[in-house]
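Welcome! Here are a few short exercises to help you find your way around a protein chain, each with a worked solution.

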Amino acid sequence: MSDLLIHRLNSFSTYQVDKNSTNIINTKTFEDVNVEEFLEISHILDSSYFSYAVDKHLNFIALDKI
């Protein structure tokens, strides 16, 4: 994951990039997640052709780059 992408993703208030695993962690509870930020991050990752999954806590799990 590029530094520019990491910086952009860290600008969201409810999500933070874990640089050790390059996962994007939801810092709020499931009930308090900002849905707009979730959708925007999803769009950014899709636009960057970044392969990911989402777990039950709405964390983005990094998979292989396409």
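**Exercise 1. Find what share of the contacts with a separation of 6 or more links residues 24 or more positions apart, then describe the whole chain.**

Step 1. In the protein chain, 32% of the contacts with a separation of 6 or more join residues at least 24 positions apart; a contact means heavy atoms within 4.5 Å. Before going on, note that this is a predicted model, where local features need pLDDT of at least 70 and side-chain atom pairs pLDDT 80 or more, while totals for chains, interfaces and linings use all residues. Residues are numbered from 1 along each chain as its sequence is written, and side-chain values use heavy atoms, leaving out hydrogens and water.

Step 2. Next, list the elements: the chain has two helices and four strands, in the order α-β-β-α-β-β. These are DSSP runs numbered from the N terminus, helices being H or I with at least four residues and strands E with at least two.

Step 3. Now check the overall size. The radius of gyration is 11 Å, which agrees with the value near 11 Å for a compact globule of 66 residues; it is taken over C-alpha atoms, and the globule rule is 2.2 Å times the number of residues to the power 0.38.

**Exercise 2. Work out how β1 and β2 are arranged.**

Step 1. Start with β1, residues 15-18: Y15 and V17 point to one face and are buried, whereas Q16 and D18 point to the other and are not. Buried means under 20% relative accessible area, with a 1.4 Å probe and protein chains only.

Step 2. Move to β2, residues 23-26, which pairs with β1 in the antiparallel sense over four bridges; a pair needs at least two DSSP bridges. V17 has I24 as its bridge partner.

Step 3. Look at the link: four residues lie between the two strands of this hairpin, and T22 in the turn has a positive phi of about 60 degrees.

**Exercise 3. Describe the surroundings of T14.**

Step 1. Locate T14 in the loop between α1 (3-10) and β1. With a relative accessible area of 4%, T14 is buried.

Step 2. Beyond neighbours within four places in sequence, T14 contacts I25, N26, T27, K28, N34 and E37. T27 is 13 residues away in sequence, yet the C-alpha atoms of T14 and T27 are 5.3 Å apart.

Step 3. Finally, the side chains of T14 and E37 share a polar contact of 2.5 Å (N or O atoms within 3.5 Å, one able to donate a hydrogen and the other to accept it; residues adjacent in sequence count only if both atoms are side-chain atoms).

How values were computed:
Buried means under 20% relative accessible area, exposed over 50%, partly exposed in between (1.4 Å probe, protein chains only).
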